[in-house]
Amino acid sequence: MRVLVLSNLYPPDVIGGYELCCRQVVDALRERRHEVRVLTSAPRVPCPAQEHVSRSFKLTNCYDASFILRSSTMVRAIWEAESNLVSAFNVHVLTTALTNFKPDVVYLWNLVGLGGLGLVGCLQHVGMPWVWYLGDCVPRLLCSPYDELLPTVAAEFSRQVSGHYMPVSQRVIDEIEDAGVKLNGHVEIMPNWVLGVRPADRRRYFRPGDTLRIVSAGQMATHKGIDLLIGAARLLRERGYENFSIDLYGNARDPKIVPLAREQGVGDLVTFKGFCPQHELVARYARHEYDLFAFPTWDREPFGCAPLEAAAYGCVMAMSQNCGIGEWFVDGVHCLKVERSARGLADMFEQVLDGRIDLEPLGRRASAVIWRDFHLDTLIPRIEEVLSKASQSPPSGTGTFDEAYHLALLAERLAQVTVEERAGELLASVA
Amino acid sequence: MPQTKIAYLGLFDGDRASGFSRGEEHLLALARGVLAASQGRLSVELLSCGPAPECRPLCPGVVKRVLPWAGRPRTPWEAGSWQLPAALADASLVHLHDGFSRACEIGLLVAKQRHVPICLTEYGLVGHWLSIELGLQALADMMICHSQSVAVPWRARMPVEVVSGRVNPHWFGVASEWPLTAPVPPACPDDELPPDVDYATLGAELSAIYHKVLVRHREAAA
């Protein structure tokens with residue numbers, strides 16, 4: 001198959017798991033002799049050239065929070081429109097790629113920052129089949145510039161857009177559809193995955209009396225529950241426990257997070273390790289440097305690759321009760337699910353420290369299941385099947401590339417004047 | 001027999017600018033002519049966006065619908081409505097009666113993206129946004145002109161039909177030409193001429209054009 005992959009970012013330009021998963025699937029498809037081209041944005045840092053990767057899209061500045069916060073309401077509104085609704089420039093890049101590469105199917109990833117609705121609208125208009133990997137509620141985000149769902153845009157999306165979706169959890173589907181954005185066509189839930197070779201069974205698990213080595217990785221922010229983890233450390237110390245440590249890997253996006261450990265008197269137990277490349281982190285799990293992966297993330301976590309990677313090596317997942325990855329694992333069988341609070345986490349850690357929860361059977365079962373059912377080698381044939389099915393589906397439209405670009409130009413200008421007027425009203429109401 | 005709904009957009013904004021109802025009278029007369037010729041097969045909805053939403057029949061088969069406008073348009077021609085896409089949902093064909101109003105731009109975008117056929121009446125105005133900046137008239141499935149001289153430049157690019165009657169768009173009021181900074185031009189000046197049209201004849205011509213466009217569209221989709 002000839003597969004054109006669209007992604008806002010592509011490694012080594014990454015923010016999180018979305019882009020890393022994209023590269024892993026691209027590499028797997030190429031290994032299986034598919035012709036794959038990646039169309040992504042000009043990188044935010046210099047990147048080495050790769051023959052199969054074209055960095056021609058323009059990414060709207062939607063991830064630089066500090067710069068966005070310093071910008072005026074009007075500038076932000078125009079960025080939001082270009083980021084979520086439509087960028088005629090990017091539609092032109094897409095139609096050029098469709099003309100030159102002639103894909104059988106387009107494989108969509110995260111389209112925020114690219115004027116994603118315009119790209120999907122273009123594919124619909126010209127009848128190009130697509131499959132959309134949903135590692136987050138991207139269609140809903142695209143219909144919600146200025147963090148507010150536009151009902152008319154959501155209704156048009158629901159009316160016009162139809163294709164193949166691969167969300168990572170039911171939670172993602174619910175979050176999109178509860179907002180009024182319908183996913184029409186074929187929807188097949190597909191989990192995230194691990195890579196690598198299954199290691200020998202882990203022999204060393206935590207035993208009471210040892211130091212319990214807790215780890216977490218990802219964005220260091222309150223929505224990921226890092227503040228709760230620090231609070232749990234404080235509670236454990238208050239209860240007289242000192243034989244534990246918490247290592248935190250990832251960039252701190254919230255400046256209030258890092259000082260929190262010292263402020264709560266657990267600066268010696270909680271260590272912010274900063275960003276760690278994925279392969280190094282996996283190597284640490286493989287060396288069994290940690291016993292427990294804490295994942296007290298928010299309810300709307302779509303999946304969560306980081307705990308999956310850790311659990312593959314017997315590092316037991318302790319996650320909040322309602323998060324995407326929790327749909328795939330059973331509490332007390334493969335993982336520990338805990339109330340999302342500092343007290344809930346502290347109570348669970350305490351039970352482990354006291355030996356009332358044995359990590360070994362949990363770690364063994366989760367590891368076995370992950371290597372069997374959640375390895376990319378297991379999932380890639382299913383992904384291929386969905387791509388193939390989509391490529392053979394009847395075309396959704398018969399429009400031309402020129403028309404699609406013309407429509408994008410019109411839509412872009414209409415979006416700009418609309419957001420300009422909205423921002424103007426907002427400014428007037430504030431004044 | 002189920003009726004085929006034709007949505008009319010455009011020309012109403014001049015009425016709002018001037019306080020006259022020249023656009024509405026012209027479109028209503030046109031719609032009556034179309035209905036008479038179609039022998040009940042067609043219905044027409046006259047759509048516009050304004051501050052006072054309403055929906056009322058003007059005569060059997062013709063409904064006037066004013067959608068609530070979004071925001072505060074700076075000129076009457078910049079009025080759009082978030083409800084316009086939904087209002088076009090059951091239209092089988094969209095006829096845009098001007099190429100310079102926001103409502104027509106939105107109608108063009110929504111209808112084209114949905115693969116609903118579009119007719120656009122072109123009066124030969126120059127210097128207006130759609131034409132000078134983007135050449136978007138070419139997105140219409142059929143261009144309708146009231147004179148050969150207006151039709152000639154388009155013949156090589158798209159299907160064009162020349163219909164009877166003389167219609168002067170300035171009679172209804174048109175938006176400022178680009179790049180004039182004055183947002184509202186003098187609307188409906190007294191020295192402009194009213195349409196010189198036999199609406200029964202023009203209605204029959206339009207009815208036949210709609211039929212042709214719809215048949216061609218169905219064949220292309222099949």
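Colleague: How many residues does each chain bring to the contact between chain A and chain B?

Modeller: The count is 17 residues from chain B and 18 residues from chain A. Keep in mind that this is a predicted model. Interfaces are often sized another way, by the accessible area lost when the parts come together. Here we read residue counts, with contact set by C-beta atoms within 7 Å.

Colleague: Which elements of chain B supply at least two residues each to the side that touches chain A?

Modeller: Two helices do: α3 (84-87) and α4 (102-113) of chain B. The largest share is that of α4(B), with 6 residues.

Colleague: What is the make-up of that side of chain B by class?

Modeller: Nonpolar residues number 10, polar 3 and charged 4.

Colleague: Now inside chain A. Where do its domains run?

Modeller: Domain 1 of chain A is assigned in two stretches, 2-193 + 378-430. Domain 2 of chain A covers 212-374. Their C-alpha centres lie 32 Å apart.

Colleague: How many residues does each domain of chain A give to the contact between them?

Modeller: Domain 1 of chain A gives 16 residues, and domain 2 of chain A gives 12 residues. On the domain 1 side, α1 (17-31) and α8 (170-178) of chain A each give two or more. The top contributor there is α8(A), with 4 residues. By class, that side of domain 1 of chain A has 6 nonpolar, 7 polar and 3 charged residues.

Colleague: Next, the sheet. What is the strand order in the open sheet of 6 strands in chain A?

Modeller: The general idea first. Strands of a sheet pair through backbone hydrogen bonds, either parallel or antiparallel. In this case the order is β10-β9-β8-β11-β12-β13 (chain A), and the pairing is parallel.

Colleague: Why do β10 and β13 of chain A each have one side without a neighbour in the sheet?

Modeller: Both β10 (270-274) and β13 (335-338) of chain A stand at the edges with a single partner strand, so one side of each stays unpaired in the sheet. From one strand to the next, the twist averages 25°.

Colleague: How many bridges join β8 and β11 of chain A?

Modeller: There are 2 bridges, in the parallel sense, between β8 (residues 212-217) and β11 (residues 292-295) of chain A. A:I214 has A:L292 of β11(A) as its bridge partner.

Colleague: Which strands does helix α9 of chain A touch?

Modeller: Helix α9 (residues 226-238) of chain A packs on β8, β9 (244-249), β10 and β11 of chain A. Its direction makes about 165° with that of β9(A).

Colleague: And what angle does helix α14 of chain A make with β12(A)?

Modeller: About 90° between the directions of α14 (residues 359-373) of chain A and β12(A). This helix α14 of chain A also packs on the sheet, touching β11, β12 (316-320) and β13 of chain A.

Methods:
Residues are numbered from 1 along each chain as its sequence is written. Chains are lettered from A and ligands numbered from 1 in the order in which they are written. This is a predicted model: local features need pLDDT of at least 70, side-chain atom pairs count only at pLDDT 80 or more; totals for chains, interfaces and linings use all residues. Two residues are in contact if their C-beta atoms, placed from the backbone, lie within 7 Å. Ala, Val, Leu, Ile, Met, Phe, Trp, Tyr, Cys and Pro count as nonpolar, Asp, Glu, Lys and Arg as charged, and the others, Gly among them, as polar. Domain bounds come from an automatic or database domain assignment. Two strands pair if DSSP finds at least two bridges between them. Axes are lines fitted to C-alpha atoms, for helices over the stretch in contact, and angles run from 0 to 180 degrees between N-to-C directions.
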